[in-house]
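Visitor: I should like to understand how the labels attached to a model of this kind are justified. Could you take me through the reasoning?

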Amino acid sequence: MIKKLICDRCGLEITEKEDVDIALEGKEAWAGAVRARGGKPRGVLPCENYIRCDGEMKPILDNGLFWWRWWTRKLLGR
Ligand SMILES: [Zn+2]
């Protein structure tokens, strides 16, 4: 179960369940748009500050574990 989304660049969080659900519904569209540009989606949607931070929102599970553990290490320096 995905609890919230967090930007991998600026750290912006989406914690409202409704907002998370809406974001997840649009993730295929986002992934398609990124692949169309020849890129690889890192998260499920662009950050609200995408133009400034170039970040993507990554889902965080209920138990608090990042899906991408390398990022946790990078962020926390562990
Ligand atoms: Zn951001």
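The exchange below concerns a predicted model.

Visitor: Why is Glu25 called exposed?

Guide: A residue counts as exposed if 12 or fewer other C-beta atoms lie within 10 Å of its own. Glu25 has 11 C-beta neighbours inside 10 Å, and therefore it is classed as exposed. Glu25 belongs to helix α1, residues 17–25. Its C-alpha lies 9.3 Å from that of Val44, although 19 residues separate the two in sequence.

Visitor: What makes β1 and β4 paired strands?

Guide: Two strands pair if DSSP finds at least two bridges between them. Strands β1 (residues 2–7) and β4 are joined by five bridges, so the criterion is met. The two run antiparallel, with Leu5 opposite Pro59 in β4.

Visitor: How do you know that β3 pairs with β4?

Guide: Two bridges connect β3 (residues 45–46) to β4 in the antiparallel sense, and at least two are required, so the strands pair. Here Pro46 stands opposite Glu56.

Visitor: Why do β2 and β3 stand at the edges?

Guide: The open sheet has four strands in the order β2-β1-β4-β3, with antiparallel pairing. β2 and β3 each have a single partner strand, so one side of each lacks a neighbour in the sheet. For β2, the strand joined to it is β1, through two bridges, and Ile6 stands opposite Glu13 in β2.

Visitor: Which strands does α1 touch?

Guide: Helix α1 packs on the sheet and touches β1, β2, β3 and β4. Its direction makes about 75 degrees with that of β1.

Visitor: What makes β4 mostly covered?

Guide: Five of the six residues of β4 (56–61) are buried; that label requires 20 or more other C-beta atoms within 10 Å.

Methods
Residues numbered from 1 in each chain as written. Predicted model: local features only at pLDDT ≥ 70, side-chain atom pairs only at ≥ 80, totals over all residues. Contact = placed C-beta atoms within 7 Å. Axes fitted to C-alpha atoms, helices over the stretch in contact; angles between N-to-C directions.
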